[in-house]
Every structure is written in C-alpha cells, then in structure tokens.
Amino acid sequence: MNRNGQYFIGDMSRICNISKKALRYYDEINLIPSHREDCNNYRYYTEESLLAVPVIKYYKQMGFTLEQMKEFIEGVNSNVFRSIQSSFQAKLVELADEQEKSRRKTISVKDWHDLILEAQAVIEHHSTDVSIKFVEPATLLFQDQIYANNIKASIINIEFTKHVEDIQNEITGPVIINYSSRKARVANKDQKIKMLQKTIIPCREENLYHFGGYLMLSCYHVGAHENIPETYRKIERWAKDSGYVLGEETFERYVTDYWTTRNRSKFVTEILIKAVRSEGAGNTII
C-alpha cells in the first residue's frame, strides 16, 4: 500500500520483485534503509528506496558485491569516479579470467564428448578392420617414461599429471602412448615410451612432439587392454598379406579407457603404426 509516498515492505517486495528477506538484509547493512513511523514503529520505504532497487539489481548483474554497491551508491569518496573506475577495471580483469576458464572447460568437455561419440560409433558398427588413414598433424605435450607393463598406471599417469602441473598447463583429448618397440609391446615387456596429449594452453617448443601429417595403418581394438596383442597380430597379418612392412614404433590412442568407465568391454583403443610398401609392392611410404 502507498500512503503519501510511503511503501510497506510487502509493497516494496511486490513492486520491485525482490524478497522481503533481501530487503531486511539491505536495511540491516544500510544499503536500502527503511524508515519508522513515529506512532506505531512500522517499517516503511520511500520512493527513493524504491528507485534504488533497479540500480542494485544492475550492479548485481555485473557481479559486484554489496559492499561495492554501497560504496558506489553513497559516493562519499572524494574521488568517487576514480574509485568506481578502478572497481570496474578490476571487474573486467576478473570477468576475462572467468571467460578464459570457461573456454578451457568448454574445450575439455567437447573433446571428451567427441571421444564418447567415436567409441560409440566404433562399437555399434563393429569398426575393427585394419585400414590406411591420414592422421591429421598435431603438436602434443610429451614426456619420456619407462613402460613397466602396467597399462592402467600408464594411462592414468601420476608422473605425467605432475608434468602438466609443473608447466602450468591443462590437458584435453585422448591419452596417446608412443611405444618405442612394437615387438616388446606385443610381448608385454618393459620399454621406453612417450606420453602424449593435447594441451589447452600453448606449450614451449621443447615440450612438444609433432605427431601426424602422414598416412598410417589404423585399427580399433575394443575391449580389455590385456587383449591388445591380439589386435597387433591381426595388423601384422594384414600388413603381410597387403604388402606392407611395419615400423618398429607404434602409437596407442585411448578413445575410452579407465578415465571413462570401469567396464573394460567398453574400452576403445586405436592402434596407429607407420608402414612402407614392401619392395615387391613399390616403395610408397605411409
């Protein structure tokens, strides 16, 4: 009810679409102070109080604190515009930082989502034949390690995670392991490897491994990693029958793995190997 420019708290709440609880708190901190009637001590607000609400909502929309709003509105600082300008500049820096964090999260979520779609397509279409494909060039973060025949500890890799943190970066997309010896991989023996993964923040050149930009033999393996040697033997048979000589090093690209699910039947791993045509079939490099 409006009586001679006086608004009770219920009127303020209804007209300005703001809760009574918020109005009581604003009154408590003197952001929108109320007045009291002399005769009955009822709390009421003036039109000036009414018009303060949209201003506060606008500052709130921009993300300023109640303390900052109070300072802006009261304007008691002798350099009020300089003070407001400083606060706005700081807020712009804060929002830019939040935007960058949101960008990084978006990249991570999209890349992971794409891997799930890829794994689903491979499983649904039984896409486990050997093929020749062009691998798009990529620059990946790398770290040299020794593979101690513990695939789970290699994929969920504490040492590599620490390396990423040490260079103050973030990773996204599939883990890729570059095994130096295909034969040792098939025989489940220890060997030198390179851990590879895409970063969200650009890396220094000395931390980068240049991958792809050429044709490779590709084959998806579906299921537990312990059975991967079977897929290697399938690739070796295909290469022999098709007139290709396989390179010694190999790459395993983990599309879905322990990061995604405990159900090992849903693991999807792409095996990538460089190869050359045997002499009888020509010398085309792939």
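Good morning. I begin with one contact: the side chains of Glu226 and Arg264 meet in a salt bridge, at 3.1 Å from N to O. Glu226 lies in the loop between strand S10 (214–222) and helix H9 (228–242), while Arg264 lies in the loop between strand S12 (250–256) and strand S13 (268–273), so the pair ties together parts that are 38 residues apart in sequence. Please keep in mind throughout that this is a predicted model.

How accessible are these two residues? Glu226 is partly exposed, with a relative accessible area of 47%. Arg264 also counts as partly exposed, at 39% relative accessibility.

The principle behind such contacts can be put briefly. Side chains of opposite charge can pair when their charged atoms come close. In this structure there are 18 salt bridges, and I shall present two others.

The next joins Arg43 to Asp27, whose closest N and O atoms are 2.5 Å apart. Arg43 belongs to strand S4 (residues 43–44) and Asp27 to helix H2 (residues 20–28); with their positions 16 residues apart, the pair links distant parts of the chain. Is each partner buried or partly exposed? Arg43 is partly exposed, its relative accessible area being 23%. Asp27, by contrast, has a relative accessibility of 15% and counts as buried, because buried means under 20% relative accessible area.

The third salt bridge lies within a helix. Here the side chains of Arg104 and Glu100 meet, at 2.9 Å from N to O. Both residues are in helix H5 (residues 80–124), and they are 4 residues apart, about one turn of the helix. Glu100 counts as partly exposed, at 25% relative accessibility. Which residues are linked with Glu100 in a network of salt bridges? They are Arg103, Arg104 and Glu170.

Let me now turn to the strands, and return to S10, the strand that comes before the loop holding Glu226. Strand S10 pairs with strand S5 (residues 131–135) in the antiparallel sense, over 5 bridges. Within this pairing, Ile132 stands opposite Leu217 in S10. S10 also pairs with S13, again in the antiparallel sense, over 6 bridges. There, Cys219 has Ile271 in S13 as its bridge partner.

Placing these results side by side, S10 pairs with S13, and the salt bridge between Glu226 and Arg264 joins the loop between S10 and H9 to the loop between S12 and S13. Thank you for your attention.

Terms used. Residues are numbered from 1 along each chain as its sequence is written. This is a predicted model: local features need pLDDT of at least 70, side-chain atom pairs count only at pLDDT 80 or more; totals for chains, interfaces and linings use all residues. Side-chain values use heavy atoms; hydrogens and water are left out. A salt bridge is a side-chain nitrogen of Lys or Arg within 4 Å of a carboxyl oxygen of Asp or Glu. Helices (H or I, at least four residues) and strands (E, at least two) are DSSP runs, numbered from the N terminus. Buried means under 20% relative accessible area, exposed over 50%, partly exposed in between (1.4 Å probe, protein chains only). Two strands pair if DSSP finds at least two bridges between them.
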